[in-house]
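Reader: I have a protein model open and do not know where to begin. Could you take me through it feature by feature?

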Amino acid sequence: MYDVNYKGIILPHKFYADFVVHKSIILEVKGVAGITEEFVAQAINYLKVSNNRLALLVNFGELKLNYKRIVF
């Protein structure tokens with residue numbers, strides 16, 4: 001769970017990443033037909049609020065495993 005800090009104000013909304021590996025890698029797991037830009041934007045938002053640099057977006061919903069590595 002990450003607090004959202006906007007211009008020095010902590011907002012009541014929180015971000016909940018699926019998994020955080022070694023306190024530095026955001027792991028988002030999906031089971032959908034394809035990875036969309038919305039999922040990429042979600043991972044980037046998690047990176048921004050967590051001050052982490054690496055996110056892995058993994059999708060098990062396709063015929064073969066599909067993933068995207070996001071560095072911010």
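Author: What follows goes from the overall layout to the strands, the core, the charged pairs and the loops. Keep in mind that this is a predicted model.

Reader: How many helices and strands are there in the protein, and in what pattern do they follow along the sequence?

Author: The protein has one helix and six strands. Read along the sequence, the pattern is β-β-β-β-α-β-β. The C-alpha trace spans about 45 × 20 × 20 Å along its principal axes. Of the 72 residues, 26% are buried. The protein exposes about 5,200 Å², and carbon and sulfur atoms supply 59% of that area.

Reader: How do I read the side chains along a strand such as E4?

Author: In a regular strand the side chains alternate between the two faces of the sheet. Strand E4 covers residues 25-30. Its Ile26, Glu28 and Lys30 point to one face and are buried, while Ile25, Leu27 and Val29 point to the other face and are not buried. Valine 29, for example, has a relative accessible area of 32%. That value makes valine 29 partly exposed, because the partly exposed class lies between 20% and 50%.

Reader: Which residues join Val29 in a nonpolar surface patch?

Author: Phe19, Phe60 and Leu65 make the patch together with Val29, and its area is about 400 Å².

Reader: In which sense does E4 pair with E3, and in which with E5?

Author: E3, residues 19-21, runs antiparallel to E4, and three bridges join the two. In this pairing valine 21 stands opposite isoleucine 25. E4 and E5 pair in the parallel sense, over six bridges. There, isoleucine 26 of E4 has alanine 55 of E5 as its bridge partner.

Reader: What lies between E3 and E4?

Author: E3 and E4 form a hairpin with three residues between them. Two residues in that loop deserve a look at their backbone angles. Most residues other than glycine have a negative phi, and most peptide bonds are trans. Histidine 22, in the loop between E3 and E4, has a positive phi near 55°. Lysine 23, also found in that loop, has a positive phi near 60°.

Reader: Are histidine 22 and lysine 23 buried or exposed?

Author: Histidine 22 is exposed, because its relative accessibility is 71% and the exposed class begins over 50%. Lysine 23 is exposed as well, with a relative accessible area of 75%.

Reader: Which residues have the most contacts inside the largest nonpolar core?

Author: They are Ile26, Ala55 and Ile70, in a core of 13 residues. The elements that give two or more residues to this core are strand E1 (2-6), helix H1 (37-50) and strand E5 (54-59). H1 gives the most, with five residues. Leaving out residues up to four places away in sequence, isoleucine 70 touches Val40, Ala43, Ile44, Leu47, Arg53, Leu54, Ala55 and Leu57. Ile26 and Ala55 have appeared already, as bridge partners between E4 and E5.

Reader: What about contacts between residues that are far apart in sequence?

Author: Among contacts in the protein with a separation of 6 or more, 48% are between residues 24 or more positions apart.

Reader: How many salt bridges are there?

Author: Side chains of opposite charge can pair when their charged atoms come close. Here the count comes to two salt bridges. One is between lysine 14 and aspartate 3, with the closest N and O atoms 2.7 Å apart. This pair links distant parts of the chain: lysine 14 is in strand E2 (residues 9-15) and aspartate 3 is in strand E1, 11 residues apart. Lysine 14 is partly exposed at 24% relative accessible area, and aspartate 3 is partly exposed at 40%. Glutamate 28 forms a salt bridge with lysine 30, the closest N and O atoms being 3.5 Å apart. Both glutamate 28 and lysine 30 are buried.

Reader: Where is glycine 34 found, and which residues does glycine 34 touch?

Author: Glycine 34 sits in the loop between E4 and H1. Not counting residues up to four places away in sequence, glycine 34 touches Phe39, Asn59 and Glu62. Glycine 34 is partly exposed, with a relative accessible area of 24%. Glycine 34 and tyrosine 67 are 33 residues apart in sequence, and their C-alpha atoms are 9.8 Å apart in space.

Notes: Residues are numbered from 1 along each chain as its sequence is written. This is a predicted model: local features need pLDDT of at least 70, side-chain atom pairs count only at pLDDT 80 or more; totals for chains, interfaces and linings use all residues. Side-chain values use heavy atoms; hydrogens and water are left out. A nonpolar core is a set of buried Ala, Val, Leu, Ile, Met, Phe, Trp, Tyr and Cys residues joined through side-chain atoms within 4.5 Å. Buried means under 20% relative accessible area, exposed over 50%, partly exposed in between (1.4 Å probe, protein chains only). Helices (H or I, at least four residues) and strands (E, at least two) are DSSP runs, numbered from the N terminus. Contact means heavy atoms within 4.5 Å. Patches are made of residues with over 30% relative accessible area and no salt bridge: like charges are joined within 9 Å, nonpolar side chains (Val, Leu, Ile, Met, Phe, Trp, Tyr) within 5 Å. Accessible areas come from the Shrake-Rupley method with a 1.4 Å probe; for residues, only the protein chains shown count as cover. A salt bridge is a side-chain nitrogen of Lys or Arg within 4 Å of a carboxyl oxygen of Asp or Glu. Two strands pair if DSSP finds at least two bridges between them.
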